[in-house]
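Good morning, everyone, and thank you for making time for this. Please have a look at the sequence and the structure on the screen, and then I will walk you through some parts of them.

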Amino acid sequence: MRRALVVLGLLLGTLMPASSYAQACDFCGKRIESLAQPVRLAGTWLFTRDDAPQNADPASPTDSWVTLKAPGPWKKAYNDGKVFSVGWYRGEFQFAPELVGREVVVLVNTYMAPMRLYVNGQMVYARPNRVNVERYYSIQAAPLRFKVPAEKVTLALRVETPLMTGVYQLPFELHAYQEDDASLVGWAIWGGELRTIAGWVALFFGMFFLLVFSKTRYGLYLAAALGSVFGSIFLIVPADYLAALVPIKTLTYLHYTGLFGTLFFFMFAQYFYRFFPRANWVVGVLLAIPAVGMAAMAVHENLSVFQLLRSLLFVVLLVVTLAIIYFYYRGAMLKRPGAKTMLVGMLLYFLGALNDMLLAVGAIQSLSLASTALILALGAMLYVSVQSFANTFLENKRLVGDLREVNENLEGLVSQRTAALREKTNDIQAMLQNMPQGVLTLTADGKVHPEYSAFLEQIYVCERIAGRDGMEFLFGQADLGADQRDSLSVAVASVIGEDAMNYEFNSHLLVPECDVQLASGQRKSLAFSWSPIVGAGDVVEKLMICVRDVTELKRLAAESAGQKRELELIGEILKVSQEKFQAFMESAQGFVAENRRIILSLRGGDREAVNLLFRNMHTIKGNARTYGLLHLTNVVHEAESSYDALRKQDESEPDTSRLLAELDAVQDGLAEYARINDQTLGRKGPGRRGSVDKFLMVDRQQLGDALGALQRVDRGSLEAMRSAIDEAEHVLRRIGTETLEEVLAGLIEGLPALAQELGKEAPVVRIDAAGLRTKSQLGGLLRNLFTHLLRNAVDHGLESAGERLAAGKPSQGLIELRGRLDANHLELVLRDDGRGLALSRIRARALENGLVEPGQVLSDQAIADLIFLPGFSTAESVTEVSGRGVGMDAVRDFLRREGGQIAVRFLDGSPEGADFRSAEMVIQLPAAAAVTA
């Protein structure tokens, strides 16, 4: 330990600012006779921190410039201790005449720093530049390609970095350009691809061990998981594709947070020696202070503080790594499995970190090895963790073998019990035929089976029941509503011939009782009991229905009919969460109020108003049916049917009194539900959230896929078990989720009809969800949102076919929806290829409504945000598509209640202050709302 402290003191000494030194400039007049071999450029260059454009001019004086080693840190250039973020390198070269006009490549690594290269005053390379189509080379040696313009060439390199490292590491050399230069490929793989690929592998393994920890609660897997996740941050964040999305300076600060993962290396090592709980807190704080502090630089930059924190972080890393190496050394002495592997990995990690510290302070000129060393350390940790997991699996496999014999005996016993149970079931079926009760079965084609109880003929006062259509026979003269009758028929059809689980899902739709008007004129009240007859393969072959005549009982219960109805309504209400019920009531009452206003002003031939009546009532019925409010569904269905008939009539005057009477019935039904909910149940109020995250409606096929993957696996093959676990995990992640295409399918299918109403061609809709799947409980929210957004896109965004053709566009408009999921947000972006947002129209309407003062100057963004104000609309009149001023206001309000937000984002290419600007709607929701497939 004493030697370690001496070495540490020497390292701290190297971190102190060095005094300025003067020495010859190696590249002021450098003669280059041949490019057969790469020309090394490592050495002293002219350098200045004065950031002036004329620095690139070969004729500009360099009297005030100093000399500086490259690669090497900037701190040694001046002795005043000032920190700066921009530096210029300059050198002069004399090329042989035969080299003039040749293409060359300067290979230089400035580690995540923007840079520009000037050749004889002309810029030949700049990064970042058009990052959507050019690689950024953020962590690789960038190949700066140009032609030698003359025998005398002045190279000027401008570098901007808060690290004060400039040209950071080797290679720093000049190549003759070759299309198949394998060395450039090698440097690219070493400096970039290897790092980012390893980072993603570490991230995925970290997620895997988090899952293992959630099942085993063994802390070693948690330490391995968090160490891998944080290590992946240091490896992935500098990647080229992230630099195309996030400012490179922000990434430079943020990627240091990944080194906080050394804390979990420290905790992992204790499983091989002994535990130090207090030391974990100390190490955590010592690592968190510089890591969090440097991350904060992305928000508030302070170069002096950053340099101090960066030095502190490296020192703490070296000290903690020495402690980790000691733990593994003691673990190896104690013969702990995996300790030797980890000792080698952490020694390499320490040497890599030490190399990079010496490189950063200019003590050596070499390659950066920190990321490679971290990859090796992570690889060792993941290897040892997998070994531990595999050993546990093998032990479990042995236990499974011991239990197999017991299971075989149990399977035999279960088979015997199953046979006995079937025999008893047959006996019960025979007994039911002799009971004073109507019994029949429905076959796969919906017909009545020839074997039915004789008592059934007494109930229905008829003969020859066999072979008749079951639904028509049982419910043809029943007092069921049209909606309930349709639901019953669909439920029966979806049960017979399907898996028994379908019966469980649809049993609530099977009618328990109803009143029937017989052909003899007699009216009876009948009760029905439904039972599936399950055959081989757990498939429902028939439905058995027991019918009881409860007319007398119904007569005796007539006096309590009001209480019974109230109990039924209470049962329906209690099946719906308080929040959903209140939201439904508010929405339905709003639709009813709007329909009342429309009916009172309705005139013959006003088809838009009739369509709006129908749409409102259809929405109420759909929501009521979704929540199982069956009494209300039947009443609403009658009103909806009247609106549907009205749409098909000529321009005769509507029967306003009848329409109002039907609407009053709907209003009374809503009032009855509201009274029971508020007064009887005392559930008045908005309710509370959370239930939707506790329970999921699960597709049985998804469960079957996951179970089948585990049942089919060869338990003797470790690789097969791993594959099965991966497959099952992939399936389970999809449970309770839907693709955006599935969620929005109904809305998209309705767009052609909407476009036809507006006199436009049906738009093309493209969805690029990048493999996203949204939580099923989010479906209602998304459908509500995109009902408004898609209608706005067709109504306000896309032009008519004639206008589009005149503007050189296809006659069909294009609507695009993109989805992206990161660690914090689900982002949905909607855009169309119309003329853009009508800013001048929005401003004019805002002036009319007094929202903007005459002469007041607003930015385009501020004008665009006016569309979210309550009641704001640019439509000239109210139509069934738009004009009521509730769309975008409702969208933003609903998103806020769900923890999300929406904003207008302008696209590039449209000038500030234009009448129309291309824009897109950006929706953000919490990341928990979706998963990746």
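I will begin with the whole chain, then turn to two sheets, a pair of helices and a few single residues.

Before that, please keep in mind that this is a predicted model, in which local features need a pLDDT of at least 70 and side-chain atom pairs count only at pLDDT 80 or more, while totals for chains, interfaces and linings use all residues. Residues are numbered from 1 along each chain as its sequence is written, and side-chain values use heavy atoms, with hydrogens and water left out.

The protein chain holds 30 helices and 25 strands, where helices (H or I, at least four residues) and strands (E, at least two) are DSSP runs numbered from the N terminus. Of its 933 residues, 44% are buried, and here buried means under 20% relative accessible area, exposed means over 50%, and partly exposed lies in between, with a 1.4 Å probe and protein chains only. If we take the contacts between residues at least 6 apart in sequence, 71% of them join residues at least 24 apart, a contact being heavy atoms within 4.5 Å.

Let us move to the sheets. One open sheet has 5 strands in the order β17-β19-β20-β24-β22, with mixed pairing, and two strands are said to pair if DSSP finds at least two bridges between them. Strands β17 (764-768) and β22 (901-906) stand at the edges with a single partner strand each, so one side of each has no neighbour in the sheet. From one strand to the next, the twist averages 20°.

Within this sheet, β19 (residues 814-821) and β20 (residues 825-832) run antiparallel and are joined by 7 bridges, and a hairpin of 3 residues leads from β19 to β20. Strand β20 is also joined by 7 bridges to β24 (residues 919-926), again in an antiparallel arrangement. Which residues stand opposite Arg831 on its two sides? Glu816 stands opposite Arg831 in β20, and in β24 the bridge partner of Arg831 is Glu920. Helix α26 (residues 779-797) lies across β19, β20, β22 and β24, and runs at about 25° to β20, where axes are lines fitted to C-alpha atoms, for helices over the stretch in contact, and angles run from 0 to 180 degrees between N-to-C directions.

Another open sheet has 3 strands in the order β16-β18-β25, with antiparallel pairing. Its edge strands are β16 (737-738) and β25 (930-932), each of which pairs on one side only. Strand β18 (residues 772-775) and β25 share 3 bridges, and Leu772 has Thr932 of β25 as its bridge partner.

Next come two helices. The axes of α8 (residues 303-333) and α9 come within 9 Å and cross at roughly 160°. Why do we call α8 and α9 roughly antiparallel? Angles over 145 degrees count as roughly antiparallel, under 35 as roughly parallel, 65 to 115 as roughly perpendicular and the rest as oblique, and α8 and α9 are therefore roughly antiparallel to each other.

Asn355 is found in helix α9 (residues 339-360), and Asn355 counts as buried because its relative accessibility is 13%. Leaving aside neighbours within four places in sequence, Asn355 is in contact with Ile364, Ser366, Leu367, Ser368 and Leu369.

Finally, I would like to show you two residues in other helices. Leu456, in helix α11 (residues 455-460), is buried with a relative accessible area of 0%. Not counting residues up to four places away in sequence, Leu456 touches Gly438, Val439, Leu440, Ile465, Phe473 and Val547. Of these partners, Val547 is 91 residues from Leu456 in sequence, yet the two are 7.4 Å apart in space, C-alpha to C-alpha. Ser228, in helix α3 (residues 219-236), is likewise buried, with a relative accessible area of 0%. Beyond its neighbours within four places in sequence, Ser228 is in contact with Ala202, Leu203, Gly206, Leu378, Met381 and Leu382.
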